[in-house]
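Visitor: I'm new to this one. Could you show me the structure and let me ask how its labels are earned?

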Amino acid sequence: MSPPEHSCPQHAASAVVGTCDRCGRFYCSQCFIDAGAALPERSSRCPECPAVLLEKSIGGWLTLPALHLIVTPFLCGRAVFVDARALIGGVGPDFMPILVVELVSQLAWATVGLLAAWAFFRRKRSAVRWMLAFYVGLVVISLINEGLANRLREIAHDSSAVPASQSLQAVLGAAIWLAYFSQSVRVKRTFVVP
């Protein structure tokens, strides 16, 4: 099948070299150059075919955040259950504000996690913003939990401080995933649904 004899819809100065067998779009050699790809001798797909982009699965490194999004509601739910049970059981007035802060922060992070999961698994463009919020939230939750644990030790007159290793792990992990979600080509090609 010979290519159509008209100019490319995206590059009026270039002749069409083919028609994508997936999405039906016309493409020219400039389309491949713009996509950073070499023009194959015979191609039946445009270089950035939207049909192929939609086929990208959530795999590779994206499996780890996917698992994190699946596990988070259960972890938050457990923490909320424990805090609510302690509040209902009647804790002392010194512990009440700590439990309320932890309960509210866990509910807020669970909400962000559920919204991020919804966008992530539907491969929405907004998933990137939600994942950035999710990982920033992870750091905030870790810092809140560290501060609350130290406050509990003060109330119990325990002079030892809670080690900051959990907060440090959260900061390092979040930094890695924030960079990945902001810079990765895989992310840009996976989360394409408006």
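Guide: Sure, here is a short chat about a helix pair and a pocket in this model, which is predicted.

Visitor: Why are H4 and H5 called roughly antiparallel?

Guide: Helix H4 covers residues 96-121 and helix H5 covers residues 127-155, and they pack at an angle of about 165°. Angles over 145 degrees count as roughly antiparallel, so H4 and H5 get that name. Their axes are 9 Å apart, and H4 passes H5 in a left-handed crossing. By class, 19 nonpolar, five polar and two charged residues make up the contact of H4 with H5.

Visitor: How do you know that the span of H5 agrees with its number of residues?

Guide: Take 1.5 Å times one less than the number of residues. For the 29 residues of H5 that gives 42 Å, and the end C-alpha atoms are 41 Å apart, so the two agree. After H5 comes His-157, with a positive phi near 60°.

Visitor: What makes up the lining of the largest pocket, by class?

Guide: Eight nonpolar, five polar and two charged residues. The pocket's volume is about 320 Å³. Of its 15 lining residues, Gln-106, Trp-109, Ile-141, Asn-145 and Gln-166 are the closest to the centre.

Visitor: Which helix gives the most to that lining?

Guide: H3 does, with six residues. Helix H3 (63-88), H4, H5 and helix H6 (165-183) each supply at least two residues of the lining.

Definitions and conventions
Residues are numbered from 1 along each chain as its sequence is written. This is a predicted model: local features need pLDDT of at least 70, side-chain atom pairs count only at pLDDT 80 or more; totals for chains, interfaces and linings use all residues. Side-chain values use heavy atoms; hydrogens and water are left out. Axes are lines fitted to C-alpha atoms, for helices over the stretch in contact, and angles run from 0 to 180 degrees between N-to-C directions. Helices (H or I, at least four residues) and strands (E, at least two) are DSSP runs, numbered from the N terminus. Angles under 35 degrees count as roughly parallel, over 145 as roughly antiparallel, 65 to 115 as roughly perpendicular and the rest as oblique. A crossing is left-handed if the near helix is turned anticlockwise from the far one by less than a right angle, and right-handed if clockwise. Ala, Val, Leu, Ile, Met, Phe, Trp, Tyr, Cys and Pro count as nonpolar, Asp, Glu, Lys and Arg as charged, and the others, Gly among them, as polar. On a 1 Å grid over the protein atoms alone, a cavity is a set of points where a 1.4 Å probe fits but cannot get out, and a pocket is an open set with protein on both sides within 12 Å along at least five of seven lines; lining residues have an atom within 4 Å of a point. Grid points are joined across faces, edges and corners, and a volume is the space filled by probe spheres set on the points.
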